[in-house]
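User: Hi, I have a model open and would like to go through it with you before I get back to the bench. Could you take my questions as they come?

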Amino acid sequence: MDLEIRTFSELNLEDSFFDSLKDSYPEFSTWFNKKAEKGESAYVFFDDDGHILDFLYLKIEEEAINDIFPPFIAKKRLKVGTFKILPRHSRRGERFMKKIMDRAIAEDVDEIYVTIYPKDELLYLIKSFENYGFKHVADKDHKERGKEYVLVKDMRKHVGDILKDYPFVNKKNVDKRLLAIKPNYHTSLFPDSILKTEDPYDLVKDISPTNSIYKIYICWMKDVDQLKKGDIILIYRTNDGLGYANYRSVITSVCTVYEVKSFLDFKDKDDFIKYTNKYSIFSPEDLGKWFDYKNNFTVIKMLYNVALTRKVIRKTLLEQVGMDQNAYWGFLPITDEQFNQIMELGEANERYFID
């Protein structure tokens with residue numbers, strides 16, 4: 001099965017998934033039942049037998065927090081109330097991390113915070129939050145049960161690291177490029193782009209299976225190897241054949257370059273597959289075929305930052321943004337002015353961008 005948004009009342013509190021939470025927090029069952037009574041919801045992932053594998057609950061708070069040391073003054077915060085994934089280190093954890101970030105942006109919060117016991121089996125989770133800019137700034141003392149770390153991400157400050165600053169995009173002093181991706185590949189990488197209606201895209205409600213933070217794309221286009229870490233890529237889905245290109249070719253998303261590799265950076269096929277398999281849309285077998293078929297490829301590892309609320313069609317790019325119809329749109333430089341226009345036309349939330 002897949003990630004779903006479910007109310008607490010729809011979930012089975014006796015599912016073995018919740019056993020460890022009940023052991024760590026004796027008040028968990030009471031808390032859970034109160035959420036059920038209020039009709040609150042969470043992100044839940046089930047296995048094929050209907051058992052819970054992943055669970056994420058988020059809550060907006062605006063009051064002071066006095067049961068931690070040092071206490072927090074009143075601010076608008078997103079609390080990560082419950083975050084658990086089975087098995088540990090699953091890539092599905094990145095989907096939850098993206099959900100957390102997108103909700104924080106949508107709600108325009110000052111901070112995100114989560115409390116985690118520093119147990120050996122949870123150190124990987126603490127490290128994951130720290131990778132995305134969370135810091136251990138306080139403790140919550142449960143007396144005989146020990147202290148929880150209070151990890152906080154300040155959504156009003158940036159440190160100049162594209163991962164720790166995620167999901168924010170630095171617009172200054174970086175190159176900006178349009179990167180064309182064929183529809184069948186694009187749908188696998190960015191499933192939110194499918195043009196079924198004219199309704200605005202709701203990033204917070206998107207539960208697409210590949211709506212995770214990292215994306216890997218392999219291509220053979222000229223000059224792609226010139227991309228640098230931090231450069232901005234506008235994802236351009238080419239015509240799907242269901243209408244004229246001016247209306248069906250669209251800019252859908254904003255990504256940030258994390259790493260660029262050429263075929264020369266891989267010692268052999270196995271090395272290439274190991275690097276690309278985790279975030280690629282291709283199977284290991286297909287990746288092996290790509291490696292054997294043509295070895296002058298470039299691999300782009302990207303951070304998926306923003307999906308545009310409204311997709312910007314080619315017609316608009318030509319008539320309003322002033323892009324060159326005769327240019328090669330596979331990999332195309334974008335000026336700062338054009339980028340800002342596209343973000344405005346795509347109704348991208350301004351909070352994502354660092355000026």
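Analyst: Here is a walk through the sheet, the pocket and some individual residues, with the reminder that this is a predicted model.

User: Good, let's start with the sheet. What is the order of the strands in it?

Analyst: The sheet is an open one of seven strands, ordered β1-β2-β3-β4-β5-β7-β6, and its pairing is mixed. From one strand to the next, the twist averages 25°.

User: Which strands stand at the edges?

Analyst: Those are β1 (3-7) and β6 (135-141), and each has a single partner strand, so one side of each is left without a neighbour in the sheet.

User: And how many bridges join β6 to β7?

Analyst: There are six bridges between β6 and strand β7, which covers residues 147-154, and the two run antiparallel. As one position to look at along that pair, histidine 136 stands opposite leucine 151 in β7.

User: Let me move to β4. Which residues does it cover, and is it mostly covered or open?

Analyst: Strand β4 takes in residues 77-85 and is mostly covered, with seven of its nine residues buried. With strand β3, residues 52-61, β4 pairs in the antiparallel sense over eight bridges, and leucine 58 has valine 80 of β4 as its bridge partner.

User: What about β4 and β5, parallel or antiparallel?

Analyst: They run parallel, with three bridges joining β4 to strand β5, which is residues 111-116. If you want to find that pairing on the screen, look for lysine 79, whose bridge partner in β5 is tyrosine 113.

User: Changing topic: how much space lies in the largest pocket?

Analyst: The largest pocket holds about 920 Å³ of space. As for the idea behind such a value, rolling a probe the size of a water molecule over the atoms shows where empty space is left.

User: Which residues lie nearest its centre?

Analyst: Of the 33 residues that line the largest pocket, Leu21, Tyr25, Gly81, Thr82 and Glu148 lie nearest its centre. The elements that give two or more residues to this lining are α1 (19-24), α2 (28-38), β3, β4, β5 and α4 (123-131).

User: Which of them gives the most?

Analyst: That is β4, which gives seven residues to the lining of the largest pocket, and this is the strand we described as mostly covered.

User: How do the lining residues divide into nonpolar, polar and charged?

Analyst: The lining of the largest pocket has 16 nonpolar residues, six polar ones and eleven charged ones.

User: Since α1 came up, where is aspartate 19, and is it buried or exposed?

Analyst: Aspartate 19 is found in helix α1. Its relative accessible area is 37%, which lies between the 20% and 50% cut-offs, so aspartate 19 counts as partly exposed. Measuring along C-alpha atoms in the model, aspartate 19 and lysine 269 are 43 Å apart in space and 250 residues apart in sequence.

User: Now the backbone. Which peptide bonds are cis?

Analyst: Among them is the bond that joins phenylalanine 69 and proline 70, where omega is about -5°, and proline 70 is found in the loop between β3 and β4. The peptide bond from tyrosine 166 to proline 167 is also cis, with omega near 15°, and proline 167 has its place in the loop between β7 and β8 (169-170). For background, most residues other than glycine have a negative phi, and most peptide bonds are trans.

User: So where do I find a positive phi in a residue other than glycine?

Analyst: One is lysine 143, with phi near 60°, in the loop between β6 and β7; lysine 143 counts as exposed because its relative accessibility is 62%. Another is asparagine 173, with phi near 55°, in the loop between β8 and β9 (176-181), and asparagine 173 is exposed at 80% relative accessibility.

User: Last one: is isoleucine 342 buried or exposed, and what is it in contact with?

Analyst: Isoleucine 342 lies in helix α10, residues 336-345, and is buried, with a relative accessible area of 0%. Leaving aside neighbours within four places in sequence, isoleucine 342 is in contact with Leu234, Ile251, Leu308, Val312, Leu317, Val321 and Met323. Between the C-alpha atoms of isoleucine 342 and valine 257, which are 85 residues apart along the chain, the separation is 19 Å.

Notes. Residues numbered from 1 in each chain as written. Predicted model: local features only at pLDDT ≥ 70, side-chain atom pairs only at ≥ 80, totals over all residues. Heavy atoms only, no water. Buried < 20%, exposed > 50% of the residue type's maximum accessible area, 1.4 Å probe, protein only. Helix = DSSP H or I, 4+ residues; strand = E, 2+ residues; numbered from the N terminus. Pairing = 2+ DSSP bridges. 1 Å grid on protein atoms, 1.4 Å probe; cavity = no way out; pocket = protein on both sides within 12 Å on 5 of 7 lines; lining within 4 Å. Points joined across faces, edges and corners; volume = space filled by probe spheres on them. Nonpolar A, V, L, I, M, F, W, Y, C, P; charged D, E, K, R; others polar. Axes fitted to C-alpha atoms, helices over the stretch in contact; angles between N-to-C directions. Contact = heavy atoms within 4.5 Å.
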